[in-house]
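Me: I would like to learn how to read the surroundings of a ligand and the packing of two helices. Could you take me through them with care?

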Amino acid sequence: MAQTRVLVIGGGLAGLSASMRLAELGATVDLVSLVPVKRSHSVCAQGGINSVNALTRQQGDNEWKHFDDTVYGGDFLQHQPPVKEMADWGPRIIDLMDRLGVPFNRTPEGFRDQRRFGGTLYKRTAFAGATTGQQLLYALDEQVRRYEVEGRVKKWEFWDFLAPVLDSSGRCRGAVCQDLVSMKFKAFPADAVILASGGCGLVYGRSTMSMVCTGSAVSRAYQAGAAYGNGEFIQVHPTAIPGADKLRLMSESARGEGGRVWVPRKPQDPRNPRDIPEADRYYFLEERYPKYGNLVPRDIATREIFDICTTDGLSVEKDRLCVYLDLSHLPREMLDRKLGGILEIYEKFQGVDPRVVPMKIFPAVHYSMGGLWVDYERSATGGMEEGSVRNQQTTIPGLYAIGECDYQYHGANRLGANSLLSCIFSGLFVAPSVAGPAAAGRAGEDASRLFESALRRQEERHEALLARRGGNENPYALHQELGNLMTRVATVVRRNEQLAAAYDEVCTMEERWQRCSLSDTGNWTNQNVVFTKALGDMFPVAKLILKGALLRDECRGAHYKPAFAMPGIAATDPAGKRREAEAWCDRFEENTRKWLKSTIARHGADGHPEISYEDIDTSLIPPRPRLYGLVGGDVIEEVWKERSRTAAEDVPASAGLAAGAHA
Ligand SMILES: Cc1cc2nc3c(=O)[nH]c(=O)nc-3n(C[C@H](O)[C@H](O)[C@H](O)COP(=O)(O)OP(=O)(O)OC[C@H]3O[C@@H](n4cnc5c(N)ncnc54)[C@H](O)[C@@H]3O)c2cc1C
């Protein structure tokens, strides 16, 4: 029987877990990566990976609650069956990684230690100090090496994915990639291609992401016809060290271990923070959200930090926006054991010991909830049907997407420590979908002419770029302009007039890109041409982010437009509060009817994104207001609960789960 041949693009957690499982199932894998797989961006992940565990179960936790926290955290913008399936797999994934040798932190009794992360009240996060991503990545890399030795996996490190190869029926038959050392091109025939190419942070210039997170691979798939979902949902992490070159994350685990966010009550109080007494400190997250405190989900924490600095004028410094993230009250031994990795980063780049002096932090672009649209098949139990060829498949048959580059799991806002889980889960879960008999043998079909012409197209494009002369645009300066613009208009606060103007500016920049000339025109390890190509592919992604944001006239998760914000309760008397809460819930229901849908972007023939919308399967957990115990929000919760009770009584007893869009 013909063996299935799979091309995996990306060797982060998603790509490695898929490669491992594919090899285990007997497929042959070509694994292509821009960087050595152990340098993939996943290596930077710090705080941990989520799953229900023995400790939280004793407190009443279960898989359903993890599922519920994830969709509530994501503001209900994700199809629920895949999320349910992921939460169900959580405990098995942690056990698997434990068995593969990940040195998770342990309690003195030898159990896996757990910490709390944002958007949940349970300690669900398993961690290996503050270098969890590195430990997970290295463990998976070891497994993949085992299959490499057996000849099931072949790694192509320092190779760039340039385009999928589609046949006349529109099916993906492989891809064209380029060796970044010799600059030679090669076509990779495959029964299936899996993109595991991570996020697109570089579209914003500076972010917490690695410098290879350009989104180029995803953009190339999008330009070849794959639909992109929820592009406008970009996560801005609340706590990072501002830097001129890049923004360095101070993981949520700092707050998970007891770190507190505060500002002096007096604007720009000149005292040393250690000399500012408790009474003069404003722990604004704890005061406004007593239930979740410093661990409200990221979209909320980010907006509050942004607001306290910009609207309330309480930034710690006058000329630079920042607030304190304080660990100085916690025992040094515990900090070193659990957070050593990130404390070293702060010390190295700021020259200050965060065990003693509160850190100065500010929000930074961090993660892309949106990504390539992928399909799934719903199972009878409301999860995903294992082995279905539809799972994780993009709109191009035979082309799959997993990990941060798909749009499937995190809706409008990702909960911390859920990404590592979704990466490993989608990697393991996609394997039986593409390694099955349905796919095998296609790579062997004669498509040589198809590959020859695809190869020639890329060679010609490359030669044309090298041959450009006299252009007056510098690709690095143009990238900086793009990043500054995107950061200014499409991060924490968004306004329609700015988004519309920025869209036009990006179109102009895209035209200017045609006039970029290269400082290196050689054909040996030419990073200049590789970057320039990646920059060209950032514009289509920037445009779909801006267009999606412009059209979405509401506030949901990370997408916040003040013009469409729902005001809180202003009345102080009980009757007035009740009236306002009823009106608030009416508006919430109307907004849900209008906007609870995914943005789907398709690359139009004219280069502009064509936007449509997709209904969301919310048949397992009905949407509800997302207040996280906000002080003053209790009356809204009360009204909402009453409405839900009435609605439940009205549902006929025979009504089962509604079939989802993907059933
Ligand atoms: C600083 C930081 C800390 C984080 N900490 C956590 C955490 O504690 N918990 C959590 O859940 N999440 C965390 N995240 C998020 C998480 O790390 C990422 O979402 C996740 O690691 C992405 O994994 P991935 O496998 O999808 O992609 P990546 O790890 O980004 O891998 C992408 C792969 O694709 C390859 N690639 C890209 N483009 C091309 C191309 N054109 N051609 C060929 N190959 C290509 C790259 O070489 C790489 O191998 C953190 C993120 C950051 C920025």
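Me: Which helices and strands each supply at least two residues of the shell around the ligand?

Reply: This is a predicted model, in which local features need pLDDT of at least 70 and side-chain atom pairs count only at pLDDT 80 or more, whereas totals for chains, interfaces and linings use all residues. Residues are numbered from 1 along each chain as its sequence is written, and side-chain values use heavy atoms, with hydrogens and water left out. Helices (H or I, at least four residues) and strands (E, at least two) are DSSP runs, numbered from the N terminus; here the elements are α1 (13-24), β2 (28-33), β7 (159-166), α6 (216-223), β17 (359-368) and α11 (419-434).

Me: How many residues surround the ligand, and which are the closest?

Reply: A residue counts as near if one of its heavy atoms lies within 4 Å; 39 residues surround this ligand, and the closest are Ser40, Ser42, Gly47, Glu404 and Ser419.

Me: Where does a nitrogen atom of the ligand meet a side chain?

Reply: A polar contact is a pair of N or O atoms within 3.5 Å; within protein, one must be able to donate a hydrogen and the other to accept it, and residues adjacent in sequence count only if both atoms are side-chain atoms. A ligand nitrogen is 2.9 Å from a side-chain N or O atom of Asp160, while an oxygen atom of the ligand lies 2.7 Å from a backbone N or O atom of Leu420.

Me: What is the handedness of the crossing of α1 and α5?

Reply: A crossing is left-handed if the near helix is turned anticlockwise from the far one by less than a right angle, and right-handed if clockwise; that of α1 and α5 is left-handed.
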